[in-house]
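Work through these exercises with the structure open. Each task is followed by a solution in steps.

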Amino acid sequence: MVSTLASTSRTYPTPAVRYDVFLSFRGEDTHHSFTDHLYHALLRAGLRTFRDNDEIDRGQQLKPEIETAIIESRASIVVLSAKYANRWCLDELCLILQQMKNCNHFVLPVFYHVDPSHVRNQTGSFTIERSVWTSVASLTTNFLKCLACLGIQVNEESKWTEVNMRRWKGALTEVANLTGFEFSRSRSGTNFIAEVVETVECKLNLRQQSTPAHLTGMAARVEVINLWLKNEQYNAIAICGMGGSGKTTVAQYIYNLNKKDFESSSFIP
């Protein structure tokens, strides 16, 4: 079952890629715990990752740098936690899913201590409702002015319109229907994060991205060098040869092929 978001007239041209991964999360829930560990694991894997560090109320609109980061990323990891369903995160999610449709943007949902069915059906902490005061205020502009005169402010809820609520509900249903990961207290956090990172690496196909297409003659070299890497008596491997013979290409290919087996890695050409 696939849910379709409400159509929008806004279109996005194919952007320049600045980041591999955009992290969408609710800071109040996971910023200093799960998301922080995931962010650093992505960096250790060599994935250029954007994470918003601003936990201050963002106001009514997405910050321009967040919108730009989403558009300039190849993938997004959406950490769906108990308090994710606020208007800023939901606006992020709508743009992320728009990029998925328009630009082949990979989206990986992570259900962090939440039931995917609650996300899909907007129940529990993912229930989306406008406040009573906002519903009343939307009936007439004059009544809205009267409320302001009485000191009752409704501007904070101004984005909770029927149109936006339908968009947000559609986005939650759509992201819940994507293949993702469900985290529970019974799982090892370290192993879980490693699986998430490996999934993103494989989906983005980083090995092919950073080496020339249609490489030939690699099989024999890879087989020999991989045998050396598995031999614990070797602490370093040197690839020697004439200039222009492909030493750096071989090294990059081997590096990308094996880096997932190491806790940390770095390639300096």
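The exercises below deal with salt bridges and the burial of their partners.

This is a predicted model: local features need pLDDT of at least 70, side-chain atom pairs count only at pLDDT 80 or more, and totals for chains, interfaces and linings use all residues. Residues are numbered from 1 along each chain as its sequence is written, and side-chain values use heavy atoms, leaving out hydrogens and water.

**Exercise 1.** Find how many salt bridges the whole structure holds.

Solution. Apply the criterion: a side-chain nitrogen of Lys or Arg within 4 Å of a carboxyl oxygen of Asp or Glu. The search of the whole structure returns 4.

**Exercise 2.** Locate the partners of the aspartate 20–arginine 48 salt bridge and classify their burial.

Solution. Start with the distance: the closest N and O atoms are 3.1 Å apart. Next, place the residues. Aspartate 20 is in strand β1 (residues 19-24), and arginine 48 is in the loop between α2 (34-44) and β2 (49-50), 28 residues apart. Helices (H or I, at least four residues) and strands (E, at least two) are DSSP runs, numbered from the N terminus. Then check accessibility. Buried means under 20% relative accessible area, exposed over 50%, partly exposed in between (1.4 Å probe, protein chains only). Aspartate 20 has 3%, so it is buried. Arginine 48 has 37%, so it is partly exposed.

**Exercise 3.** Do the same for arginine 167 and aspartate 91.

Solution. The N to O distance is 3.2 Å. Arginine 167 lies in helix α8 (residues 162-176) and aspartate 91 in helix α4 (residues 87-103), 76 residues apart. Arginine 167, at 22%, is partly exposed. Aspartate 91, at 8%, is buried.
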